[in-house]
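Me: I am new to this structure and would like each term tied to its rule. May I put some questions on the ligand, a pocket and an aromatic pair?

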Amino acid sequence: MILVLGKNGQVGGALAKLLGSGEVAFDSQEINLTQPDFTDRLTVLFQQHDFSTIINAAAYTQVDKAESEPELAMRINGNAVGELAGWCKTHDVTLVHYSTDYVFDGSGTKPHTEEEATAPLSVYGESKLRGERLITESGAEHLIVRTSWVYDASGKNFFTTMRRLFMEREELKIVADQAGAPTYAPHLARATLAALEAAKKTEHFPSGIYHLCGGSETSWYGFARAILGLASGHESGIKCRQLQPIPTCEYPTEALRPLNSRLDCTKAETTFGVRLPHWEDALKECYESIRLRH
Ligand code: NDP
């Protein structure tokens with residue numbers, strides 16, 4: 001049995017859907033990582049459900065807001081994750097946890113490997129890195145999955161924001177000098193479960209950090225162009241006629257973001273035989289899911 005935290009989120013929701021009756025999933029009402037005694041609640045749930053793995057998809061994900069709420073971000077993404085990992089170690093439960101490309105400073109142009117030095121540019125990146133370190137130090141059996149640019153058809157993300165703006169504006173300026181890979185939440189959830197299954201089959205559980213994101217790479221501008229291409233073909237009421245590529249410096253945000261968000265996913269592929277589809281194929285699948293819903 002698997003326990004999922006963050007069931008209302010993009011990744012947590014996709015996990016809960018895939019696992020169906022093989023899971024128990026909770027939102028922040030049921031288990032709140034800001035509460036100092038949230039692990040007591042886990043102990044009660046453990047007695048009721050006897051799960052062997054926790055997948056933590058809960059997180060403080062408001063990258064810009066974190067700059068003005070560093071303590072809350074650090075609590076949810078850092079110290080609470082350490083307490084969760086400590087609880088997992090004590091109860092012999094495997095912990096799967098998500099982290100981010102924002103642990104890197106984004107220098108260079110090559111995809112980052114898991115072994116590369118981290119140097120977050122933002123409070124959010126710093127808080128996620130703290131969570132990673134505390135898990136590693138806990139001694140719990142774990143997989144830390146670093147991913148990037150997560151979206152689905154209904155969450156609050158770049159994809160849904162673009163779809164809305166295409167209906168409202170004739171022209172949009174989009175950052176073109178940040179490179180990375182959009183990651184479709186249902187694909188990430190599927191790959192996570194496949195990696196976990198493969199890890200559980202190994203003689204010595206391969207605890208560690210693994211990169212898992214959509215295949216190939218693009219920029220936010222490239223992603224927006226692809227979304228516009230699909231939207232123009234499928235949706236009525238699209239106003240947007242022009243996308244203008246701009247550098248990051250022309251779109252200032254509270255939190256700095258890495259220019260190079262590319263993640264090298266070779267380790268997950270060689271260890272678990274897991275690879276996510278090309279980001280453009282994933283985008284088409286996401287669009288298809290919207291069409292099927294209507
Ligand atoms: P979402 O923002 O979609 O969901 C996060 C969930 O965390 C929410 O459902 C929320 O629950 C829950 N949550 C927030 N605060 C608390 C709390 N105090 N206690 C318990 N639960 C809480 O996140 P994603 O699915 O996009 O992200 C999943 C993981 O992937 C995260 O670890 C994130 O850092 C990482 N990631 C995400 C990226 C992205 O682009 N989104 C990129 C790289 C990594 P509720 O709704 O019940 O309040």
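The exchange below sets computed values against their definitions.

Reply: This is a predicted model, in which local features need pLDDT of at least 70, side-chain atom pairs count only at pLDDT 80 or more, and totals for chains, interfaces and linings use all residues. Residues are numbered from 1 along each chain as its sequence is written, and side-chain values use heavy atoms, with hydrogens and water left out.

Me: What makes the link between Tyr124 and the ligand a polar contact?

Reply: A polar contact is a pair of N or O atoms within 3.5 Å. An N or O atom in the side chain of Tyr124 is 2.7 Å from an oxygen atom of the ligand, so the pair meets that limit. Asn32 places a polar side-chain atom 2.8 Å from a nitrogen atom of the ligand, and a polar backbone atom of Val11 is 2.9 Å from a ligand oxygen. The ligand alone exposes 910 Å², of which the protein buries 81%; such areas come from the Shrake-Rupley method with a 1.4 Å probe.

Me: Which residues around the ligand come nearest?

Reply: They are Ser28, Asn32, Thr61, Tyr124 and Lys128, out of 23 around the ligand; a residue is near if one of its heavy atoms lies within 4 Å.

Me: How do you know how much space lies in the second largest pocket?

Reply: A pocket is an open set of points on a 1 Å grid over the protein atoms alone, where a 1.4 Å probe fits, with protein on both sides within 12 Å along at least five of seven lines. A volume is the space filled by probe spheres set on the points, and here it is about 370 Å³. The pocket has 16 lining residues, each with an atom within 4 Å of a point. Ala14, Lys17, Asp152, Tyr184 and Pro186 are the closest to its centre.

Me: Why is the pair of Tyr210 and Phe272 called tilted?

Reply: Rings of Phe, Tyr and Trp (its six-membered ring) pair if their centres lie within 6.5 Å; planes under 30 degrees apart are stacked, over 60 edge-to-face and the rest tilted. Tyr210 and Phe272 are 4.7 Å apart centre to centre, with 50 degrees between the planes, so the pair falls in the tilted class. The two residues are 62 apart in the chain, and the model has 13 aromatic pairs.

Technical notes
Polar contact = N/O pair within 3.5 Å; in protein donor to acceptor, adjacent residues only side chain to side chain. Helix = DSSP H or I, 4+ residues; strand = E, 2+ residues; numbered from the N terminus.
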